[in-house]
Amino acid sequence: MNLRHPVTKKDAKRFLPILTEKDMFSNLIWMFVLLCSSVADENSIRDADIFPSSSEIERGSSLKLSCVLRKNYMPPRNASHIIWKLNDKLIAPENYNIVNKTVSNITIHNFTYSTAYVECLMKYSDKEIPLVHTEVKSGFRPDMPENISCIYFYDVNLTCTWNAGRETSLTTNYTLYRKLMSSPDLVRSCLTITESCSFFYPDNDYSNDFCFQVEAKNVLGASLTECVPIPLQKIEKFAPPEIISVKKIPGIKQSLAVTWKMPEKIIPLKHIICQVQYRNLYSNFTEFVNVSLNSKKNIGSCNLTGLWDSTDYSVAIRCVNNESAFWSGWSGEKSGSTEENAPSGKVDLWRVIESSRSSRNRSVHLMWKPLKSFPPSGRILGYKIQYFPENKAAHKRTNNSTEQKMTLLLNEEAHIISVTAYNSAGESPEAILRIPSSDEKSSQMIEKVVTSTTNEEVVVQWITSEPETTKYVVEWYEELEMDPFGRSWQYVSNSTKWKNNKKNFKPYICYNILVYPLYGSNVAAPSYTQIYAEEKKPSEGPVADTGILGKNEVTVKWNEISKAKRNGFITNYTIFYKPEDGKELNETVNSDVLQYRLKSLQANTQYTVQIMASNKAGGTIGEPKTFKTLKLDKEDIFFIAIPVEISILCLIGLWITCVLKKHTFKKVCWPDIPNPEESLAVEWPLPSSVNNSFLKRMSSQTKTVDFEEINVLEYCFPEESQEGSLLINYENHVSECTGINTKGIINRHEKILHNEENEAAKSFSPSMPYIITDQFTRSQMHSALIPGKEVQPIEVASDLCGSQQNPIKNEENDDEEVLRLEDFSEKTLFNPYLKNSVKTREFLVSESLPEPSIQSGALPPFQPNVLAQSYITVDMFRLAKGQ
């Protein structure tokens, strides 16, 4: 019965009569199955079938498939409407072959896909209706397996491996055959799809008469190798041994005893070789020792010698049958340590001497590190520090420490310090340093230290003045490091050059580097330098400040950047300054300059200034600062102030001089001219012919003539109109007023005072009357009496009689008491002028008169047109007498 077609009720009734009662129950079950099958078949009805339904072909060959339509497929569709697709790509119609209305074949030549999907579709009314599809694989026939090898684990398993050759891309099965050569029919096989197969206990019997072959098979074909004979004792491999102990050998230095246990499943009666591997933990070098054993012994042991003192060793062991090609695996590692020896090398000892507040005590910070000897002698348990004054060895003190530093408080004396390291086996040699006394001066042996950097290293070189010195200490630490124990140091021997990896220096940090020469246990004076292992531009720029401002210049100041933010050595500073709405200018100065005077600036202009600090890596600009230049500078103010001050001082001096010499200046500039009209020495003649219209007109023009403080000589002479009485009275009055003794009186017509004539002339008061004649007299009168617009006050300073001066004012009687000028043709007038400034008078005798009996002093010739000329002539007396 075709289960793909449904079973109808009519068919079921047709089969029922032939069934027996005995088979009734089973038939009912069978019918139930048929009904279920028909129902399932109705739900899975397909419109077509494809043959073969699943294909595996050899790669590169032709693929042939058929698509068969079912009978219940309704016309008008038939095989001519079938199309084919390969991996969703339409196959060309020329590859189609229409067998009949229900069958369509397809042929694909040189099929190279490892896996592909071929689909059969029905094209109808421009639609593609999927009918059925299948998966096609391509591959190769299996190659002959090669290189069969087996490993035999006694009483565990027998595993063989081989090389299958190229990949077939198809499912390939492998069968391993083990044959007993003495009985070829006794064959055992092992099936696998990989390149390895195992026979497990109890199917892995021990025998040296086995051969092995492998068969490879897939849908395209099969291949079988020849049977290869392999003795099991040559392929035996057993489990790794187990190390029991790794111990020191008492009393024997540099050795270890190793004990191990062999595995139980080993082919009996075979000779065993074990290999002991050991290495110390300070190096990667590994050494081996071979040890022979009998398989009957399940315990092995050996001694390792020639090892390092107090060194940990790691040990591992493997073993092999001496006929086998396979070693066992390595056992687990186990460690052991050799016995210690006393340290063989001195520690590297260094010190930092720090002055204390007390002049008698100082702190000495000791630092040391164990010498990196190779191999090491043992594990250091501690350090012993001994110290004593240089000249007092009996005062030795001892301290112990487990750390690699210690601080000692020493007095001002020189001390000897030694440090030794010790372990369980003994002590190391002493490392000795001498601490100089407080007042001791160390010699300077190093002339110059130079530092440089490369991509990987920091390099320090120095020049020494003592070539016999062969040992130095290089000390380095961060510039801001305050802890003495934060310093690093290293001994240098037989070289004046030191290198260190850059990784030991922090970037952008300044380091102090000191080089100390050593001679014996003494330390000479160090040489100092600084270095940056790596630089970058400063973290911040300097802050500018302005100092003294001027009209065309200003002083710019700034402070150094803090050391933590320099990030390198400052090489220079650049001052950027810019006027408002102007072009920026700059000036560059050295790193040791912290102020700079900017010149040639514009007066009364606002500027912005900034400072940039630069190092090798670049520069950083600080905050801007603004300032404004002055309109005037000190020099301008100085040149303006000096003339003003000089002028003021001159005016003050002139004022003081005028105040102190007021009377002198007054007499020189404004001399007192006596008014003849008001003179009491003689009566002024007033002829009627004198015309005073001129004076009246003058008085009317000036309106007021102010003769304040005009002092007139007090009346000393008797009022006589005769000329004889004038002279007599004059001489008498001179004698009375001056108190001068005269020897005699001269005749009033011809004689004048003879004895002491100079004294008489000197005794004349500045108010002595003048007698002027001739036309010059008239011109002098005119010039003296004609006033300006204002009349200056005139003061008569002296009085012949010693009486008080009486001021006479002419304000009220100006018009009545003005002198009346008279036109003298050839007559003479008596003019009693008084000259205050003249203190010496001499009498002159006219040439027309007879020579007087007294001697007269000679006067210089008369100078015309000179105001207030002081003189008295004899002619005046004579003319007055005639009058």
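Accessible areas here come from the Shrake-Rupley method with a 1.4 Å probe. With that in hand, let us work through some exercises on this predicted model.

**Exercise 1. Get an overview of the protein: how much surface is accessible, and what secondary structure is there?**

Step 1. The accessible surface comes to about 52,200 Å², and 51% of this area belongs to carbon and sulfur atoms.
Step 2. Turning to burial, 38% of the 883 residues count as buried.
Step 3. The secondary structure consists of nine helices and 52 strands.
Step 4. Among contacts with a separation of 6 or more, 66% are between residues 24 or more positions apart.

**Exercise 2. Describe the sheet that contains strand 26: what is the strand order, and which strands lie at the edges?**

Step 1. The order is 25-26-29, in an open sheet of three strands with antiparallel pairing.
Step 2. Strand 25 (348–355) and strand 29 (405–410) are the edge strands, since each pairs on one side only.
Step 3. Ignoring direction, neighbouring strands of this sheet are turned by 20 degrees against each other on average.
Step 4. Look now at one pairing: strand 26 (residues 362–369) and strand 29 run antiparallel and are joined by six bridges. Within strand 29, L410 stands opposite R362.

**Exercise 3. Find the largest nonpolar core: which of its residues touch the most other members?**

Step 1. This core has 28 residues, and the ones touching the most other members are W350, W368, I385 and I417.
Step 2. Strand 26 supplies the largest share of the core, four residues.
Step 3. A further core of 25 residues lies apart from this one, and its members include I91, I108, C120 and L121.
Step 4. Return to I385 and set aside its neighbours within four places in sequence. Its contacts include L366, W368, M406, I417 and V419, along with R397 and N399.

**Exercise 4. Analyse the second three-stranded sheet, with strands 33, 34 and 37: what is its pairing?**

Step 1. The sheet is open, has the order 33-34-37 and is paired in the antiparallel sense.
Step 2. Its edges are strand 33 (446–453) and strand 37 (497–501), each pairing on one side only.
Step 3. The average turn between neighbouring strands of this sheet is 15 degrees, direction ignored.
Step 4. Five bridges hold the antiparallel pair of strand 34 (residues 457–464) and strand 37. One to locate by eye is V460, whose bridge partner in strand 37 is W498.

**Exercise 5. Examine the hairpin of strands 15 and 16: how many residues lie between the two strands, and where do the side chains of strand 16 point?**

Step 1. Two residues separate strand 15 from strand 16 in the hairpin.
Step 2. The two strands run antiparallel, with four bridges joining strand 15 (residues 210–218) to strand 16. N218 has G221 as its bridge partner in strand 16.
Step 3. Along strand 16 (residues 221–224) the side chains alternate. G221 and S223 are buried and point to one face, whereas A222 and L224 point to the other and are not buried.

**Exercise 6. Decide for L598 and T420: buried or exposed?**

Step 1. The cut-off needed here is that buried means under 20% relative accessible area.
Step 2. L598, in strand 45 (residues 595–598), has a relative accessible area of 2%, so L598 is buried.
Step 3. Beyond four places in sequence, L598 is in contact with residues including V554, V556, I575 and Y577.
Step 4. T420, in strand 30 (residues 415–423), also has a relative accessible area of 2% and is therefore buried. Outside its sequence neighbourhood of four places, T420 touches residues including Y383, K384, E427 and P429.

**Exercise 7. Trace the salt bridges: how many are found, and which parts of the chain does the K85 pair link?**

Step 1. The whole structure holds 14 salt bridges.
Step 2. In the pair of K85 and E128, the closest N and O atoms are 3.0 Å apart. K85 sits in strand 4 (residues 82–86) and E128 in strand 9 (residues 127–139), so distant parts of the chain, 43 residues apart, are linked.
Step 3. K85 is buried at 17% relative accessible area, while E128 is partly exposed at 42%.
Step 4. Another salt bridge joins E427 and K384 (3.1 Å, N to O). E427 lies in strand 31 (residues 426–427) and K384 in strand 27 (residues 382–389), so this pair ties together parts 43 residues apart in sequence.
Step 5. Finally, a network of salt bridges links E390, R434 and E440.

Methods
Residues numbered from 1 in each chain as written. Predicted model: local features only at pLDDT ≥ 70, side-chain atom pairs only at ≥ 80, totals over all residues. Heavy atoms only, no water. Buried < 20%, exposed > 50% of the residue type's maximum accessible area, 1.4 Å probe, protein only. Contact = heavy atoms within 4.5 Å. Pairing = 2+ DSSP bridges. Axes fitted to C-alpha atoms, helices over the stretch in contact; angles between N-to-C directions. Core = buried A, V, L, I, M, F, W, Y, C linked by side-chain atoms within 4.5 Å. Salt bridge = Lys/Arg side-chain N within 4 Å of Asp/Glu carboxyl O.
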